[in-house]
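User: I'm new to reading protein models and would like a close look at one helix and what surrounds it. Could you walk me through it slowly?

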Amino acid sequence: MNLRRLRQNSHILDLTSSVTLTPKKFIQPLFVVEGLREKKQVAGLPSVFQETPESLLKQVEKDLETGISKFILFGVPGQKTEQRNFDVSFATQQITALKKTFGSDIWLATDVCLCSYTHHGHCGILNEDGDHLENGFSVQALAEVALAYAQAGADCVAPSDMMDSRVHAIRSLLQENGFDRTVLMSYSSKFSSSFYGPFREAADSTPRAQGLKDRSSYQVSPSNYADALRSCLRDRDEGADILMVKPGLPYLDVLYRLSQEIPDLPWAAYEVSGEYAGIEALAEKGLMNAQRAHLEAWTGFFRAGASMLISYGARFAGEWIR
Ligand code: PBG
């Protein structure tokens with residue numbers, strides 16, 4: 001059997017491929033930090049920065065020039081909160097500024113979570129004994145945060161906290177307030193992963209509670225596909241528009257299975273900070289070519305069933321894919 005006939009040159013490879021990368025499918029994460037004097041590179045992620053409000057606008061302008069127009073924003077407040085009232089005004093000001101400057105030229109998603117706001121670094125509200133997150137209070141707070149982001153002009157709200165029924169609470173509150181056009185992208189199968197390291201530096205969101213040391217009591221266990229499936233079915237039924245698998249590369253089987261199992265919604269994959277940084281670190285040691293490795297990983301996400309990809313390298317997609 002001659003299989004190499006269809007591998008002879010780039011023309012025939014293009015024509016026969018089942019995955020065609022395009023920068024149109026990429027979402028670029030953005031970090032903006034209150035009180036920061038100068039933009040600062042995120043450790044392990046070259047070309048990703050903690051931005052100041054001013055540098056954020058410049059960065060987005062640059063990204064637009066390279067053909068990247070979809071973003072997910074992480075607003076990091078200067079002050080942590082002890083109580084249950086979260087002041088999200090820094091983040092909403094950035095959303096307003098971005099939408100005022102770029103309008104519908106950009107599509108702006110906002111990560112909805114409390115981990116950058118709480119002094120303990122967890123994604124919800126800790127009980128008094130500090131040994132678990134209180135679901136009801138957390139969900140109420142998250143829905144209010146999501147509404148504030150929508151009111152500020154976000155095109156999409158993306159809850160990443162993994163509290164139960166937050167999709168329902170957010171969808172209901174948005175609906176009650178007339179935000180029926182705000183897209184809800186749920187981090188529906190978000191695993192309790194070691195690959196979030198560089199992100200937690202950037203978002204200042206490392207869990208540091210006395211009792212509750214990590215996120216394994218609310219994020220999905222890496223060894224439990226059934227839980228990932230149930231989380232996604234639940235979020236679909238509660239009104240999510242887009243579902244997600246996160247991290248990406250160690251969970252391509254999950255992405256494949258879930259996207260087959262729930263084909264009626266579009267799937268996002270999040271190539272998280274640690275996996276992106278891993279490729280960069282190997283490349284820095286001269287052990288592989290960063291650009292080719294990223295393109296290969298990206299191809300894998302779309303082959304496995306992703307309709308869109310959140311990647312720290314989105315801003316290079318235009319240049320590299322060409
Ligand atoms: C917040 C959140 C996390 C990421 C996105 N939103 C981290 C976490 O759960 O600790 C991770 C993104 C990345 O590593 O790139 N809950």
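Analyst: Here is a tour that starts with the whole chain, settles on helix α5, and then visits some other spots. Keep in mind throughout that this is a predicted model.

Let's begin with the big picture. The protein has 11 helices and 11 strands. Its radius of gyration is 19 Å, close to the 20 Å that the globule rule gives for 322 residues, so the protein is as compact as a globular protein of that length. If you put a box around the C-alpha atoms along the principal axes, that box is roughly 65 × 45 × 40 Å. Of the 322 residues, 53% count as buried. Now take the contacts between residues at least 6 apart in sequence: 76% of them join residues at least 24 apart. As for the outside, the protein exposes about 15100 Å², and carbon and sulfur atoms supply 48% of that area. There are 33 positive and 39 negative side chains, with the centres of the two sets 7 Å apart.

Now for the close look. Helix α5 covers residues 166-176. Which of its residues are buried? They are R166, V167, A169, I170, R171 and L174. And what do these buried residues pack against? Their partners are two helices, α4 (135-152) and α7, and two strands, β6 (156-159) and β7 (183-184).

Both ends of α5 are worth a glance. In the loop between β6 and α5 you'll find S165. The phi of S165 is near 65 degrees, which is a positive value in a residue other than glycine. S165 has a relative accessible area of 31%, so it counts as partly exposed. Past the other end, α5 is followed by G178, and here too phi is positive, near 85 degrees.

Next, follow the packing partners. Helix α7 runs over residues 225-237, and S231 is found in it. Is S231 buried or exposed? It counts as buried, because its relative accessibility is 6%. Setting aside neighbours within four places in sequence, S231 is in contact with S188 and V220.

Strand β6, another partner of α5, leads us to the cysteines. C156 is buried, with a relative accessible area of 0%. The cysteine sulfur closest to the sulfur of C156 belongs to C113 and is 15 Å away, so it is too far for a bond. C123 is buried as well, with a relative accessible area of 1%. For C123, the closest cysteine sulfur is again in C113, at 3.6 Å. Why is that not a disulfide? Because a pair of sulfur atoms has to be within 2.5 Å to count, and 3.6 Å is too far for a bond. The count for the model comes to 0 disulfides.

Helix α4, also packed against α5, has a loop between β5 (107-112) and itself, and S116 is found there. With a relative accessible area of 9%, S116 is buried. Beyond its neighbours within four places in sequence, S116 is in contact with G75, V76, P77, K80, A203, D204 and S205. By contrast, the C-alpha atoms of S116 and S17, 99 residues apart along the chain, are separated by 42 Å.

For an exposed residue, try E201, found in helix α6 (residues 197-202). Its relative accessible area is 58%, so E201 counts as exposed. The C-alpha atoms of E201 and L30 are separated by 14 Å, with their places 171 residues apart along the chain.

Finally, two backbone details. S47 sits in strand β3 (residues 45-51). Its phi is near 70 degrees, a positive value in a residue other than glycine. S47 counts as partly exposed, because its relative accessibility is 23%. The other detail is a peptide bond: the one from K246 to P247 is cis, with omega near -5 degrees. P247 has its place in the loop between β9 (243-246) and α8 (252-261).

To pull the α5 picture together: the helix has buried residues including V167, I170 and L174, which pack against α4, β6, β7 and α7. Just look for S165 in the loop between β6 and α5, and for G178 following the helix.

Note on methods:
Residues numbered from 1 in each chain as written. Predicted model: local features only at pLDDT ≥ 70, side-chain atom pairs only at ≥ 80, totals over all residues. Heavy atoms only, no water. Helix = DSSP H or I, 4+ residues; strand = E, 2+ residues; numbered from the N terminus. Buried < 20%, exposed > 50% of the residue type's maximum accessible area, 1.4 Å probe, protein only. Contact = heavy atoms within 4.5 Å. Rg over C-alpha atoms; globule rule 2.2 N^0.38 Å. Areas by Shrake-Rupley, 256 points an atom, 1.4 Å probe, with all protein chains shown as cover. Lys, Arg positive; Asp, Glu negative; His and termini not counted. Charge placed at Lys NZ, Arg CZ, Asp CG, Glu CD.
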